[in-house]
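Visitor: I'd like a close look at one part of this model, somewhere that charged side chains meet. Please take me through it slowly.

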Amino acid sequence: MAGPMADEMPEPPGDQALGPGQAPRGEGQVPVIAARGVTKHFGSVQALRGVDLDIYAGEVVGLVGDNGAGKSTLVNILSGGLQPNSGTIFVDGQRVSFSSSLEARRLGIETVYQDLSLAPDLSVWANIFLGREQTVKGPLRLVGWLDRKAMAASAEADLERTRIKIGSVGSPAGRLSGGQRQAIAVGRAVAWGSRVLLMDEPTAALGVEQQERVGELVSSVASQGVPVLLISHNLPQIHRLCDRVVVLFRGQVVANLRPAECHVDDIVSWITGAALGARRSA
Amino acid sequence: MPVRLPAAFSPPASAPPARPEGASPGERPAWLDLVDRVGDFWIVGVLGLLVLVFGLLNTQLFTKGAWLSISNFSVEYLLLAIGQTFVILTGGIDLSDGAVLGFTGMMSGWVMQGMLNSGDSSLLTTIVGFALAIAIGFLIGAANGFLITRLKLPPFIVTLGSLTAVGAAPSLVNGGTEVSTLPPQIGNIGNGAVGGWIYTTFLVAVVATVVFGLFLHRTRFGLRTYAIGSNGLAARRAGINVDRHLVWVYAISGLLAGLAGMMVMANQAVASPLSGQNDELDAIAAVVIGGASLFGGRGHMLGTFVGTMIISLLVTGLVLVNVNGSWTEVVTGIIIIGAVALDQVRLRLAEL
Ligand SMILES: Nc1ncnc2c1ncn2[C@@H]1O[C@H](COP(=O)(O)OP(=O)(O)O)[C@@H](O)[C@H]1O
Ligand SMILES: [Mg+2]
């Protein structure tokens, strides 16, 4: 896993003057997950240009930015599905390099993908357990005989936490509404994410009331110590829910804001680049 | 192993109660649910209808002889269609399984002939013959899967290539002529019928359908087969080794083609280089008639069984009512298109 680089995690070399509040780096606290100088390009498109990010235990960190700013790309790199062109990821201060999402998942990094990553033909419970299926005890275990009852029952419990109604956990995911499918993806991530949750627009298809429920869920997960990286365009909710808001602009982190110390409009002006322009001209 | 968290993360109880199910404005009408439920079984209705029509046209259909010939006819298609179901569920296709049937039968027959000529016991010869056919089928299937996943070639192209290459191979074995020096056990399997009603070969095919059906519908392997065809990226993200899984799927298809090769040999009491030609098309037709989607993710082993029986019934039934054999293919073709068309209608209704 370790490359030629030191295993020590460097301090973020980023512009400390950016935004009115760097990470709440508690004395000696090590980020649960961190990125240093991460770049990624797709052909000639430079999606990420040297991103630094720290997420500490118990935090809810908002990741905001315009469409195409690079949010999903960053999430996909943190979750192991994409490999950065350069830069490093640290988990609990240890340098890691994921070659697949399986490796990230094994470390308890769980993701709600923007496309939800559900198999429409599989039942709700099968989607929640895919890749981590429970088998029965006894000799049938050797052929991988599924314990469907047990999985359906825990799936039901997982989804209850999202408080969004899903008729039956036995129905195919593709039959459900957009909001219900989003609830499956969120419920799955919350059930398995033991170290950090990455949520890429988990509330985009939800109604106002359901967004609130997911918000409560995010807070309660974080209060158990599992930090959440939350991407959303619902800025009032981000402002309310997050301990910190990181703004991506054209593949770079341009601001690291504390909602307690700023207004929603400040976030907006960083997203649009207006604040950046103002700072440059100042 | 991943750790699941205890069910501790519940939002505060003060949260508003969820809206009761069934009250949402966009609810689907009840008759559509009925369509969904009936939908999966309409193919059984088609089978029943065919039985009725042919039975009315010629009551011979309800004789033991007709049943025996229908069930006998279905054996090779059923065995191929089981493997084809796995392959099609992943969104792939195996055009080579008819050719593999012919090649494995010839190879096995040729080796058994050699063993008998050198004085080996007929029981040992039979066992080696079966093992060889199944092993060769497995290896050709695995090679298909390997080429598809490692070289990232489309399944259609790879298996079309093996259809061509493997399809030519039987004529290179035993000088391209039939092998008729076979152990008596092979002939007994072909002639045997349980209680006079169930051919041993048909029993083998049905047991294989049940075993592989349970494997498909009740095990982790089966679930992942569906997942890969339904959303390959999601399967990968879920930590499934998609490439390795696909190699196994094509190997299963090859293995069953090898078993089919033995059953055809048993049935004809010779190993013929002509066996299995074009069988893959009927196997694919059976799977599609049985309700599987060629895009992957949807299908059922029971549907495949019914689809195979429909094709066998058609062939036998049309002969019974004295229709020229070529019409069978015309009707089969129409049924394939009809099955897919109806399925599309069903899908569109399901999206309402
Ligand atoms: N797989 C890909 N292939 C090519 N370009 C991509 C790919 N994924 C993302 N991009 C490009 O990278 C940039 C950042 O995309 P993305 O991370 O999805 O942004 P966001 O999630 O913030 O909307 C966009 O210009 C997008 O078009
Ligand atoms: Mg995005």
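**A salt-bridge network in chain B**

Guide: Let's begin with B:Asp243, which counts as buried because its relative accessible area is 17% (buried means under 20%, exposed over 50%, partly exposed in between, with a 1.4 Å probe and protein chains only). This is a predicted model, where local features need pLDDT of at least 70 and side-chain atom pairs 80 or more, while totals for chains, interfaces and linings use all residues. Residues are numbered from 1 along each chain as written, chains are lettered from A and ligands numbered from 1 in written order, and side-chain values use heavy atoms, without hydrogens or water.

Now find the partner. B:Asp243 and B:Lys152 meet through their side chains in a salt bridge, at 3.9 Å from N to O (a side-chain nitrogen of Lys or Arg within 4 Å of a carboxyl oxygen of Asp or Glu). B:Asp243 belongs to helix α11 (residues 242-268) of chain B, whereas B:Lys152 sits in the loop between α5 (122-150) and α6 (155-168), so the bridge ties together parts 91 residues apart in sequence. Helices here are DSSP runs of H or I, at least four residues, and strands are E runs of at least two, numbered from the N terminus. B:Lys152 is exposed, as its relative accessible area is 62%, so this bridge joins an exposed residue to a buried one. A third residue comes in too: B:Arg236 is linked with B:Lys152 and B:Asp243 in a network of salt bridges.

It helps to set this beside other bridges, since the count over all chains comes to 11. In chain A, the side chains of A:Glu209 and A:Arg213 form a salt bridge at 2.4 Å, N to O. Both of these residues lie in helix α6 (residues 208-223) of chain A, four residues apart, or about one turn of the helix. A:Glu209 is partly exposed, at 38% relative accessibility, while A:Arg213 is buried, at 4%.

One more bridge in chain A pairs A:Glu110 with A:Arg132, and their closest N and O atoms are 2.8 Å apart. This pair links distant parts of the chain, with A:Glu110 in strand β6 (residues 109-112) and A:Arg132 in the loop between α3 (124-129) and α4 (148-162), 22 residues apart. A:Glu110 is buried, with a relative accessible area of 3%, and A:Arg132 is buried as well, with 6%.

Back in chain B, then, you can trace the network again through B:Lys152, B:Arg236 and B:Asp243.
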